[in-house]
Amino acid sequence: MANGMSYVVIQVVLKEKMWGTGSGNLTELEKSINAQAALGYRLHTITTAASGSKGLIAGGDRIQATMVFERIA
């Protein structure tokens, strides 16, 4: 991220596992948060939106997480 930016907005899409319930890739969310923390940002706000199942072929439900990070002064 560019120096001097006060806020950063990142969206991560989590896809439901093929079998069972829950997201199979929550580590992607963790990676995004930890990467911004390493750059001197803290998580300010997180919102999520879910979409319905697209069936077996399309890979199941998706959750979109939108995160706003604020630079730590």
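**Group meeting: a walk through a predicted β-α-β-α-β model**

S32 is buried, with a relative accessible area of 17%. That's where I want to start today, and I should say straight away that this is a predicted model. So, where is S32? The residue sits in helix α1. And what does S32 touch, once you set aside residues up to four places away in sequence? V12, M67 and F69. Hold on to those three names, please, they come back in a minute.

Okay, let me step back to the overall layout. The protein has two helices and three strands, and from the N terminus on they run β-α-β-α-β. There are 73 residues, and 21% of them are buried. The accessible surface comes to about 5000 Å², with 58% of that surface belonging to carbon and sulfur atoms. On contacts: take the ones between residues at least 6 apart in sequence, and 64% of those join residues at least 24 apart.

Now the sheet pairing. Strand β3 covers residues 62–71, and β3 has pairing on record here with both β1 and β2. With β1 the pairing is antiparallel over nine bridges; with β2 the sense is antiparallel as well, over ten bridges. If you want to find your way along these strands on screen, use a couple of pairs as landmarks. V13 stands opposite Q64 in β3, and I63 in β3 is the bridge partner of A50.

While you're at that end of β3, look at R62, which is in the strand too. R62 counts as partly exposed because its relative accessibility is 27%. The C-alpha atoms of R62 and L14 are separated by 5.5 Å, although the two residues are 48 apart along the chain.

Right, on to the core. As a general point, in soluble globular proteins nonpolar side chains tend to be buried together. Here, the largest nonpolar core has nine residues: V8, I10, V12, L14, L29, Y41, A65, M67 and F69. Which strand gives the most to this core? That's β1, with four residues. Both β1, residues 7–15, and β3 supply at least two residues each.

And remember the S32 contacts: V12, M67 and F69 are each listed in that core. From the other side, V12 touches E28, L29, S32, I63, Q64, A65 and M67, again leaving out residues up to four places away.

E28 takes me to charges. In general, side chains of opposite charge can pair when their charged atoms come close. How many salt bridges turn up in a search of the whole structure? Two.

One of them is E28 with K31, where the closest N and O atoms are 3.4 Å apart. This pair is local: both residues lie in helix α1, residues 26–38, and they're three residues apart, about one turn of the helix. E28 has 37% relative accessibility, so it counts as partly exposed.

The other salt bridge is E70 with R42, and there too the closest N and O atoms are 3.4 Å apart. E70 lies in strand β3 and R42 in strand β2, residues 41–51, so this pair ties together parts that are 28 residues apart in sequence. Is each partner buried or partly exposed? E70 is buried, at 18% relative accessible area; the cut-off for buried is under 20%, so E70 falls on the buried side of that line. R42, at 46%, is partly exposed.

Let me stay on E70 for a moment. Besides the salt bridge with R42, the side chain of E70 has a polar contact of 3.3 Å with the side chain of Y7. Leaving aside neighbours within four places in sequence, E70 is in contact with S6, Y7, G40, Y41, R42 and H44.

S6 is my last stop. You'll find S6 in the segment before β1, and at 44% relative accessibility S6 counts as partly exposed. Apart from neighbours within four places in sequence, S6 is in contact with Y41, F69, E70 and R71. S6 and A73 are 67 residues apart in sequence, and their C-alpha atoms are 9.1 Å apart in space.

If you rotate the model yourselves, I'd look at two spots: S32 with V12, M67 and F69 around it, and E70 with R42 and Y7. That's it from me.

Definitions and conventions
Residues numbered from 1 in each chain as written. Predicted model: local features only at pLDDT ≥ 70, side-chain atom pairs only at ≥ 80, totals over all residues. Heavy atoms only, no water. Buried < 20%, exposed > 50% of the residue type's maximum accessible area, 1.4 Å probe, protein only. Polar contact = N/O pair within 3.5 Å; in protein donor to acceptor, adjacent residues only side chain to side chain. Contact = heavy atoms within 4.5 Å. Areas by Shrake-Rupley, 256 points an atom, 1.4 Å probe, with all protein chains shown as cover. Salt bridge = Lys/Arg side-chain N within 4 Å of Asp/Glu carboxyl O. Core = buried A, V, L, I, M, F, W, Y, C linked by side-chain atoms within 4.5 Å. Pairing = 2+ DSSP bridges.
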